[in-house]
Amino acid sequence: MAAHQADAAAAGAPPHRLRTEESWGYDRRNIDYIQHAAATGLYEIRGMGAKRHLPHFDDLLFLGASLSRYPLEGYRERCSTRTILGTRYAKRPIELAMPITIAGMSFGSLSARVKEALGRAATEAGTSTTTGDGGMTEEERRSSKTLVYQCLPSRYGFNPDDVRRADAIEIVIGQGAKPGGGGMLLGQKVNPRVAAMRTLPAGIDQRSACRHPDWTGPDDLVIKIQELREITDWEKPIYVKIGATRVFNDVKLCVHAGADVIVVDGMQGGTAATQTVFIEHIGIPTLAAVRQAVDALEDLNMRGKVQLVVSGGIRSGADIAKALAMGADAVAIGQGMLVALGCNSESWVRPDGRHVSAVADYATLGTAPGYCHHCHTGRCPVGLTTQDAALELRLEPAIGARRVRNYLKTLNMELATVARACGKQDVHHLEKEDLVALTVEAAAMAGVPLAGTSWIPGVARRPEGD
Amino acid sequence: MARVTTKPASAGNSREFDLANVALREVNRFLHQDAANEGVAQVRVLNPDGAHSVACGLNAELEVEVDGNVGYYLAGMNKLARVTVNGNAGPGAAENMMSGLVRVRGYASTGAGASAHGGCLVIEGDASLRCGISLKGGDIVVGGSVGSFSAFMAQAGRIVICGDAGDALGDSLYEAVIYIRGDVRSLGADARFEPMTDQDLAAVKELLTTAGFKHAPGEFRRIASAKSLYHWNADANQEY
């Protein structure tokens with residue numbers, strides 16, 4: 001007899017009573033949250049994006065070609081992935097070999113070696129990478145053929161020389177992981193180089209502003225964009241990045257402000273350090289955001305004139321294909337790139353190719369491979385989200401670049417093969433008609449029919465026979 | 001596109017643009033590219049009529065004088081150039097300046113000198129809200145008063161205010177220092193008055209001289225960060 005049964009029997013209760021039922025409302029996660037708050041008086045700050053289950057691209061399926069559609073031969077027939085961004089006003093639009101870009105991530109949150117690896121991989125794959133809060137490093141400019149330079153509320157390290165040597169400018173209004181919130185870089189990652197680039201004392205907790213210092217509101221943004229165009233003699237595309245919240249209205253305002261490209265970042269987007277309450281409770285899923293963004297562009301008759309880049313939890317070629325089918329022109333990937341570099345791996349790779357276990361270092365942080373979200377500590381066991389001189393050596397730029405290039409190549413191949421199966425000679429020809437949804441929620445958010453039906457929640461059905 | 005009508009000013013190496021007839025884009029492109037090629041060092045701009053982004057993105061030791069009122073982002077991201085406005089300036093004057101000197105003879109609107117990394121911005125009249133916000137090493141001298149929330153999150157650099165300041169002056173300051181001659185309606189979080197040192201008096205004297213103001217440095221008080229927000233801790237009471 002088990003101990004609890006013995007206890008129950010001793011107490012006179014029937015032995016089959018369930019005595020270990022967990023409360024749904026006060027499960028171990030919530031108990032831990034309350035007790036952490038009670039012990040520290042602080043909200044939790046962590047890395048990565050939303051961990052909760054959300055309606056996502058996984059909830060969509062492609063119909064593929066059949067009798068009513070004609071597929072392309074998967075290995076032989078051409079399917080273009082060429083992508084052009086910034087055709088509205090810029091004299092020099094960005095031309096990419098694939099619709100897959102590397103999202104903005106800061107030097108500070110990531111080591112300079114990681115930024116170099118990302119730049120090299122993007123260059124080899126024919127795509128772009130993006131700076132982040134904290135400015136442009138020499139390593140990433142040197143290694144990146146096409147580099148998008150972010151203009152963030154903090155303006156850390158922002159300077160006209162880098163504006164002039166960038167290939168495009170991205171004005172960041174918000175980030176999917178924390179719409180309405182500024183950035184954060186805890187003191188352990190503010191080493192002397194990071195501090196100098198951000199004009200701050202080394203070792204302090206650095207808080208980025210949540211609003212731009214020199215403009216407020218959409219009408220000001222019109223003028224800010226005009227200023228950046230004047231500074232660059234109207235040569236470079238201007239992107240505007242928003243965290244997904246009131247996407248329909250925000251996208252319209254971005255168009256009004258004169259953006260060449262709009263980047264919409266859903267709540268699954270990653271971060272190196274943000275309050276958990278932001279990550280899990282502010283913003284809307286990427287799936288819902290794409291639909292609203294496309295609706296806004298169509299409402300203004302601006303699809304194809306202003307390009308849409310979607311980010312936030314995009315991991316696979318299937319995710320990319322679905323985003324494009326819903327109307328995106330390209331995607332941006334951040335967290336996935338870090339995973340490709342070894343984030344949450346059990347080991348890191350020496351320059352000679354030998355793997356070295358990082359499990360003990362995960363344990364020191366109180367976590368394990370597959371569960372780590374400790375980017376904010378600067379003690380990344382695989383040497384990515386760190387400014388520690390010893391830890392950062394765990395990422396060899398050449399090896400990292402190869403892994404990211406392989407990942408990009410795989411994504412692009414998957415994307416093209418899905419497009420061919422849907423009968424498209426160009427991945428940009430994927431369309432909403434190619435999609436169905438697995439759940440009612442996804443059908444409503446994406447605006448596609450529930451699989452096996454013609455039902456799109458929220459859209460009035462035509463009368464039978466019409 | 002407006003017709004480009006420029007004419008040489010009296011000096012051999014100077015040029016004059018009338019924004020009533022010339023597109024701003026042409027003027028800025030001249031300042032960015034052609035001025036150096038043509039050996040022009042002095043440029044006069046007439047009839048700005050509230051135009052935005054006048055003389056922004058300069059990257060050479062040019063003397064630019066603007067006769068009239070300008071809109072947003074006068075001399076934005078300026079480097080090396082000396083820009084003078086004989087009038088008032090709209091929001092974001094000399095925003096993100098790296099070096100050089102920008103002088104506004106009249107008043108300046110919100111966010112003057114925002115995130116300036118270097119150089120000096122002189123405002124002879126008053127400056128509005130958020131003057132010197134996110135300052136990153138530049139200097140600002142205001143002949144009159146500044147509005148509320150000035151020097152918010154200012155990281156480095158110096159701000160001299162010859163008049164008064166509104167509410168929340170120096171909120172969440174980092175290493176920037178404010179010198180004020182008049183009254184302060186209220187200080188922001190983590191900002192505090194500190195004693196003036198000889199070094200402070202010398203700094204104020206230097207900046208007043210640059211600006212051409214004749215106040216005595218001893219009339220100014222110093223405001224700097226108490227640095228209690230530098231580290232995230234339980235006592236911060238969720239200030240951030």
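Among contacts in chain B between residues at least 6 apart in sequence, what percentage join residues at least 24 apart? The figure is 25%, where a contact is a pair of residues whose C-beta atoms, placed from the backbone, lie within 7 Å. For chain A, with the separation of at least 6 applied again, 66% of the contacts join residues at least 24 apart. The model here is a predicted one, in which local features need pLDDT of at least 70 and side-chain atom pairs count only at pLDDT 80 or more, while totals for chains, interfaces and linings use all residues. Residues are numbered from 1 along each chain as its sequence is written, with chains lettered from A and ligands numbered from 1 in the order in which they are written.

Chain B first. It has 2 helices and 12 strands, these being DSSP runs numbered from the N terminus (H or I over at least four residues for helices, E over at least two for strands). Going along the sequence, the order in chain B reads β-β-α-β-β-β-β-β-β-β-β-β-α-β. The C-alpha trace of chain B spans about 60 × 40 × 25 Å along its principal axes. Its radius of gyration is 19 Å, which agrees with the value near 18 Å for a compact globule of 240 residues; the radius is taken over C-alpha atoms, and the globule rule is 2.2 Å times the number of residues to the power 0.38. Of those 240 residues, 54% are buried. Buried here stands for 20 or more other C-beta atoms within 10 Å of a residue's own, exposed for 12 or fewer, and partly exposed for anything in between, with C-beta atoms placed from the backbone.

A run of parallel strands turns up in chain B. S8(B) and S9(B) run parallel and are joined by 5 bridges; strands pair if DSSP finds at least two bridges between them. One bridge partnership links B:Lys136 with B:Ala156 of S9(B). On to the next strand: S9(B) also pairs in the parallel sense with strand S10 (residues 177-180) of chain B, over 4 bridges, and B:Ile161 has B:Ile180 in S10(B) as its bridge partner. S9(B) itself, residues 156-161, is mostly covered, with 5 of its 6 residues buried.

The loop between S9 and S10 of chain B holds B:Ala176. B:Ala176 counts as buried because it has 26 C-beta neighbours inside 10 Å. Neighbours within four places in sequence aside, B:Ala176 is in contact with eight residues listed here in full: B:Leu135, B:Ala151, B:Ala154, B:Gln155, B:Ala156, B:Gly157, B:Arg158 and B:Ile159. B:Gly138 lies 38 residues from B:Ala176 in sequence, with 9.3 Å between their C-alpha atoms.

Now for chain A, which has 15 helices and 18 strands. With a radius of gyration of 24 Å, close to the 23 Å from the globule rule for 466 residues, chain A is as compact as a globular protein of that length. Its C-alpha atoms fill a box of roughly 80 × 70 × 50 Å along the principal axes, and 55% of its 466 residues count as buried.

Helix H3 of chain A (residues 112-125) makes a handy close-up. Its 14 residues should span 20 Å at 1.5 Å a residue, and its end C-alpha atoms are 20 Å apart, which agrees; the expected span is 1.5 Å times one less than the number of residues. H3(A) is mostly covered, with 11 of its 14 residues buried, among them A:Val114, A:Leu118 and A:Ala122. The cover over these buried residues includes strands S5 (100-102) and S6 (129-130) and helices H4 (138-143), H12 (335-341) and H14 of chain A. Just after H3(A), A:Gly126 has a positive phi of about 80°.

Where the chains meet, the contact takes 38 residues from chain B and 27 residues from chain A. Helix H1 (24-37) and strand S8 (136-142) of chain B each supply at least two residues of the chain B side, and H1(B) gives the most, with 4 residues. 

The largest nonpolar core has 213 residues, and B:Leu74 is among those with the most contacts inside it; such a core is a set of buried Ala, Val, Leu, Ile, Met, Phe, Trp, Tyr and Cys residues joined through C-beta atoms within 7 Å. Helix H14 (residues 397-421) of chain A gives the most to this core, with 9 residues.

Methods:
Two residues are in contact if their C-beta atoms, placed from the backbone, lie within 7 Å.
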